[in-house]
Amino acid sequence: MHVSEPGLVVVDLAAADDQTAFAFHSALASMWATTAVERTHREPGQPGVRLRCYLDMRQQP
């Protein structure tokens, strides 16, 4: 995904399970301002879960 402003980042995460995905998101949120995430999604026929969040590296959390 293309983001038009410097410092804005789209993070697409593939993880083994929800706990891992949310732990990674929490680590990002401790360093930068991020969007809230409430759930992951699963791709039919694919292992694990996916999560997308957006972060702003220009702002501290």
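**Exercise 1. Determine how β2 and β3 pair, and place this pairing within the sheet.**

*Solution.* Step 1: β2 and β3 pair in the antiparallel sense over 2 bridges. Strands are DSSP runs of E with at least two residues, helices are runs of H or I with at least four residues, and both are numbered from the N terminus. Two strands count as paired if DSSP finds at least two bridges between them. The model is predicted: local features need pLDDT of at least 70, side-chain atom pairs count only at pLDDT 80 or more, and totals for chains, interfaces and linings use all residues. Residues are numbered from 1 along each chain as its sequence is written, and side-chain values use heavy atoms, with hydrogens and water left out.

Step 2: Threonine 34 has leucine 55 in β3 as its bridge partner.

Step 3: The open sheet consists of 3 strands in the order β1-β3-β2, with antiparallel pairing. Because β1 and β2 stand at the edges, each with a single partner strand, one side of each is left without a neighbour in the sheet.

**Exercise 2. State which residues of α1 are buried and what they pack against.**

*Solution.* Step 1: Helix α1 comprises residues 18-31, 14 residues in total, and reaches 21 Å from its first C-alpha to its last. This is close to the 20 Å expected at 1.5 Å a residue, where the expected span is 1.5 Å times one less than the number of residues.

Step 2: Ala21, His25 and Leu28 of α1 are buried. Buried means under 20% relative accessible area, exposed over 50%, and partly exposed in between (1.4 Å probe, protein chains only).

Step 3: These three residues cover an arc of only 60° around the axis, so they lie on the same side of α1; the arc is that of the directions from the helix axis to the C-beta atoms. An α-helix has 3.6 residues a turn, so residues three or four places apart point the same way.

Step 4: The buried residues pack against β1 (8-15), β2 (33-34) and β3 (49-56), contact being heavy atoms within 4.5 Å. On the other side of α1, Gln19 and Ser30 are exposed.

**Exercise 3. Identify the salt bridges and describe the exposure of their residues.**

*Solution.* Step 1: The criterion is a side-chain nitrogen of Lys or Arg within 4 Å of a carboxyl oxygen of Asp or Glu. By this rule there are 2 salt bridges.

Step 2: Arginine 52 and aspartate 12 form a salt bridge at 2.5 Å, N to O. Arginine 52 lies in strand β3 and aspartate 12 in strand β1, so the pair ties together parts that are 40 residues apart in sequence. Arginine 52 is partly exposed at 37% relative accessible area, whereas aspartate 12 is exposed at 52%.

Step 3: Aspartate 56 and arginine 58 form a salt bridge, with the closest N and O atoms 2.9 Å apart. Aspartate 56 is buried at 10% relative accessibility, while arginine 58 is partly exposed at 48%.

**Exercise 4. Characterise the surroundings of threonine 40.**

*Solution.* Step 1: Threonine 40 is located in the loop between β2 and β3 and counts as buried at 15% relative accessibility.

Step 2: Its side chain makes a polar contact of 2.5 Å with the side chain of aspartate 18. A polar contact is a pair of N or O atoms within 3.5 Å; within protein, one must be able to donate a hydrogen and the other to accept it, and residues adjacent in sequence count only if both atoms are side-chain atoms.

Step 3: Not counting residues up to four places away in sequence, threonine 40 touches Asp18, Ala21, Phe22, Val49, Arg50 and Leu51.
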